[in-house]
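Got your viewer open? Let's take a walk through this model, one selection at a time.

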Amino acid sequence: MYLPKFTLESPRSIEEAVSLLGSGEQTKLLSGGTDLFPRMKYKLCSPGVLISLKGLPSFPPQIDEERKLIIDANISLTAITLSPEILEKAPLLALAAQKVATREIRNMGTLGGNICQETRCLYLNQTHTFQFTEPCLKRGGKECYFAPKGKKCWATFMSDIAPTLFCLNASVIVAGLDGEQQIKIEEIYTNDSLKPLSLKPDQIITKIIVPKTQSPSGNGFAKFTVRKTIEFAIVNVGVFLETEKDLKTCKKARIAVGAVSEGPQRALEAEDWLAGKSLSKENINKVSQKAASSLKIIPHHGYSKKYLTECLKIQSKQALNDAVEGLADQSNRGR
Amino acid sequence: MTTTQRKKIIGLTVNEETYELAVECQETLLDVLRNNLGLTGTKEGCGTGECGSCTVLLEGEPILACLMLAVECENKKIETIEGQSINGDLTPVQEAFLEKGAVQCGFCTPGMVLASTDLLKRNPDPSKEDIMESLGGHLCRCTGYNKIMEFVHHAAKLNRDNT
Amino acid sequence: MSELDYVGKRILRKDGPDKVTGKAIYTVDIQLKGQLVGRILRSPHAHARILDIDISLALEVPGVKAVITGKDTLGIKHGFVETPRYPADQYPLAMDKVRFIGEEVAAVAATDVYAADKALSLIKVTYESLPAVFDPEEAMIPGAPEIHPSHPKVKEDLVNIGGKTASGWGDVEAGFQEADYVREDRFESHLRTHGFLEPHATVASFEADGKLNVWTSSQGPFIKRAKLAKTLGLPQSSVRVKKAYVGGAFGGKIDLYTHEFCAALLSMKTSRPVEIIATREEIFTAYRHGQPMIVTVKTGVKKDGTIVAQEFKTINNSGGYRGSGVVVIFLVWGFAMAPYRIPNMKYKGYSVYTNNPIRSPQRGHGAPQMRFAVESQLDMIAAELGISPIDIRLKNARVSGEMLPNGDNVHNCGLKDCVLDIAKHTDFTAKFGISRTEKQGRYRKGIGIGVSAYFGGSLIYPNSSSVIVKMNDDGSVSLLTGSLDIGQGSETILCQIVAEELKIPIEEVQVFAADTETTPVDIGVWISGNAYVTGNAAREAAGDVRRKLMTIAAEELNADIENLIFQNKRVYISGQPERSLSYEELVALSIQKHRGDSVIGNGHWRTMRDEPFHPSLATTKGRWTENYAFDAQTAEVEVDTETGNVRLLKAVTAHDCGFPINPLQVEGQIDGQVSMALGHAFMEEIMMEKGRTLNPSWLDYRMPSICNIADSEHIDVITERYQVGKPYRTKEVGEGYVSAILAAIANAIYNAVGVRLFSTPFTPEKILKGLEKIK
């Protein structure tokens, strides 16, 4: 496999990168390359210019005076799993980063790249020199191989990390020709498989901000796969539980799910239901069922909707139980 | 864009030797190692980051050479399988690989050797789970991984015995 | 008599140092001066007539040196099988029709891959699309689109039949009448790929003197030479297939592949070396995978579990050409009849053309499919009769010296010992006996067993392995063999045998292998006969050398031949070690006193030397092999009743492999097969839709990783032995153990949770359905 030809720009500052992006050419940002290069090798895109973000000034994760965690979008996934600041302030993020792909890919792939990855579909992620030669909607054509009569693209958004940022109520700092702006993580996703990100062509995510959390909290992340490595999730679930001081009563739950729809989803109904309730086994079973039955599920990669619904229930329970167990450990340590 | 930007002169340090090369932007580190430098020990099993055969160490960290642009490796230290044994003396990792019968067809071997070398540098006494974490990206069809698992434990022991 | 020094020892691989240092050169690593890149244009149609191919624009692309289509070929067909009954059915490049998506239509050689792909995109092919059919049972029914005319000798009202195997003995109807219990079940096995790490690759270089040099990632150079020469219209002496290391094959690199033909023809057209490396995606979408198969089995037994009659019907999905389809329907008959006594048997197998890519052998070549069916059903029967899975297998297992209905003799057969030993080793009865009501909680364990038998070498071109062993002046030896090491370690075991026969340090045996010009003919490493057939040839060649050394030593030492001892490159008189001669001295003496004889030994071996041919693929008449290996395998699994995920916790293989020449390598074969079966059972599936592959990458085709490792233990049941100077009958270890374990896993899942699976793979979704957690 080979890459199509392109020219590479290596800006030294965000401003330079933004101006290059805005220069009107058919350009793409290059961060870790682990999502982009396979897509380019499969000829799913052939940008004339790549703008590498590797030469930008970088900084390690920081905790600011408001106790917010500020993370460089270019941080590698491996660095996320090793950062004391992240492990202290946003362990959920590290749990998810650890589950991405393989060690080599975690060494290369970045946080910004992971949350900006493209949507995936069996009919899409291959070259089309002799299979599925007629372009599908995502490739600019008129039909969808997955749902032949539909006029909608059903490719799924597979990031493991994005759901955890939903749980953490994170924001991103976006640089563009109009300057910097802070956007809630939820708002960068469109829930449109054709164009999963709402960012404008000149915009670059430069930082991820995780706000300070108030209560004692528990974290859980479940990723269900066949192979446990080199695999996107069948379904993934992030759970962040804020509790009362007793560590047993849920004050606020944030549950987010990935890989089964056009973008990450919050299980809002389930979250609301759990708020104020005891984190008992029974309640966790109930809330998992609620999450599974209330969320949008697109059959993907050969898995049926019924099966995915069951998976989502079981994995939600897994993530919730992990979060509760973590709380129990805190409680034990507290004694 | 001018055509001169398509090709860049870069310095690459591979196995402690420095090369000056004219490289096109789209050439991967794997392309350059194999085609320009003749270092064919680094293998292409898929080209899309799914098999681990092309693993090399970049600044000491295992990465996939098939998904890394050569021009972005300028002035960075690259280690490939060819740089592992000095003057024919095998490293403990290589020795353990042989002794435990972890080699069959050998196509995944260079990547496995480099990833294990990195693992043992970080963690002199890895558990089964640590080995899974580090070698999870290296497909091997011949061995069923049992002897791969054994060799890493054995290499760790050889390393400890040496120090 | 004397103890063995090399055979039976855990000798390290000869090629190991090259492989751990990155020095081993595989076909993909070969870079010749002026080498061009070749790429192949493939059909986007599952079934279509080719009306016109216009290459004019492609030829104008800068850097393009040649474009070839079917018109540039001699139009000589080839096939995995080429017999009067099953003549070759495939052109190396499509001529008139295409029969599957991905079929090769044209090829380009260019200075770089960009130019080559640009040229491919400019070749204009005009097709007339034809109706297509993908399911073999649909393809058989009259009225289905005709892919090839049905085989003229198959008189049933069926279409698209590439071939049929029909066999049997006794009277099955009478047998079923006589039986106390009869059941019939249908089992389906899905499409999987070989998963070798090195892609298909060929470098061909046509020299000015008319010689075509070829390096290709294969399973033996001689069949490649024969088929290249035939399809290119060259004398075999003009084609030289040379050795390169092979990064795995598993049955997927045997036959002539179109990229090999195209690299050669493009090199002939351009007079420059041409390299074609298949992309991983091409391998997944357009190359040959294994054999999906439908097996229907009806079995009648007595109350005590004795099998009285068995009737089989199998259907393979052969794809657009015959490939190995007509072989697999023959082989599964063999895998059905070998392990157990079946007094009355009826078998029919159909190989059916469909508009899918062609199928090839894949490790086990039909055995996993057949053993999955038989061994699953046997457990169901045992449960129905209240007999233990162990007892029903012991009741029916073949024993030493038994003659098979086809005239084969199983010779020393350790099957019963395999079953008994594995039952004891795993505490099978106790574990199996834990009732499911006692198994509570989310994770539930189970144990299951399966049995299999596998042949070791048969009569397929070139039917013979020859080996040459040359003494060098310094007393070391060179071993010349046509056998190709594909990772299984053939070079190492051949060295062990030569080292043993000559009592020479293994480091002093140099191997020169797999070069059609300089090494003798070899059967190839694809019918599980290397250790037996080529091994015995190596033993004979070394024996030839040994006799020569002995003759000279006896003359020089004035001793009786019987009193001579070989040790560490010296020959001495028994009891008088001071009266000795070194090999170095003996070679010099031979040259001096035996008219220049520099001590070269040759040996050859043919399995079933009295049989003229391979048995009939159509009727199974004629002997199949003289070398049956047997095994019993158990699987211990843990079922997660919430996710439906099943883990293989431990696999045990009790095997009668004759004797292991190199136990270290045998373990590697066992572990690798257990892992491959684990992939078959749980993880791997080529998903296809109307002839197109949905998951053509290792990301979406899930081959096991180290995270899916299963504990693998083994028990050797030794039934043969090695003696210097005598023929031996060791058995195969490279293919047999992907089969019983598959059934063992299915049986273990049933033991754990009561879910009986009739199709592979055993996905979480099927388990959850079985548990009625999803509908």
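With 775 residues, what radius of gyration would a compact globule have, and what does chain C have? Keep in mind that this is a predicted model. Now select chain C: a compact globule of 775 residues would come out near 28 Å, and chain C has 27 Å, so the two agree. Turn the chain along its principal axes and its C-alpha atoms fill a box of roughly 85 × 75 × 50 Å. Colour by secondary structure and you'll find 19 helices and 28 strands in chain C. Of its 775 residues, 62% count as buried. Among contacts between residues at least 6 apart in sequence, 79% join residues at least 24 apart.

**Next stop: a sheet in chain C**

Select strands 16, 24, 25 and 28 of chain C. They make an open sheet, in the order 16-24-25-28, with mixed pairing. Its edges are strand 16 (443-455) and strand 28 (711-716), each of which pairs on one side only. On average, neighbouring strands here are turned by 15° against each other, ignoring direction.

Zoom in on residues 628-640 and 646-656 of chain C. These are strand 24 and strand 25, which run antiparallel and are joined by 10 bridges. Show Glu638(C) as sticks, and opposite it, in strand 25, you'll see Arg647(C).

Now add residues 415-426 of chain C. This is helix 12, which packs on the sheet and touches strands 16, 24, 25 and 28. The helix direction makes about 140° with that of strand 25.

**Where chain C meets chain B**

Bring chain B into view. Here 43 residues of chain C are in contact with 43 residues of chain B. On the chain C side, the elements giving two or more residues are helix 1 (16-20) and helix 17 (663-683). Helix 17 gives the most, with 8 residues. Colour that side of chain C by residue type and you get 20 nonpolar, 16 polar and 7 charged residues.

**Last stop: a strand in chain A**

Select residues 217-224 of chain A, which form strand 9. Why is this strand largely enclosed by the rest of the structure? Because 8 of its 8 residues are buried. In a regular strand, side chains alternate between the two faces of the sheet. Both faces of strand 9 are covered: Ser217(A), Asn219(A), Phe221(A) and Lys223(A) are buried on one side, and Gly218(A), Gly220(A), Ala222(A) and Phe224(A) on the other.

Finally, add strand 10 (residues 235-243) of chain A, which pairs with strand 9 in the antiparallel sense over 8 bridges. Pick out Ala222(A), and its bridge partner in strand 10 is Val237(A).

Technical notes: Residues are numbered from 1 along each chain as its sequence is written. Chains are lettered from A and ligands numbered from 1 in the order in which they are written. This is a predicted model: local features need pLDDT of at least 70, side-chain atom pairs count only at pLDDT 80 or more; totals for chains, interfaces and linings use all residues. Two residues are in contact if their C-beta atoms, placed from the backbone, lie within 7 Å. Helices (H or I, at least four residues) and strands (E, at least two) are DSSP runs, numbered from the N terminus. Ala, Val, Leu, Ile, Met, Phe, Trp, Tyr, Cys and Pro count as nonpolar, Asp, Glu, Lys and Arg as charged, and the others, Gly among them, as polar. Two strands pair if DSSP finds at least two bridges between them. Axes are lines fitted to C-alpha atoms, for helices over the stretch in contact, and angles run from 0 to 180 degrees between N-to-C directions. The radius of gyration is taken over C-alpha atoms; the globule rule is 2.2 Å times the number of residues to the power 0.38. A residue is buried if 20 or more other C-beta atoms lie within 10 Å of its own, exposed if 12 or fewer, and partly exposed in between; C-beta atoms are placed from the backbone.
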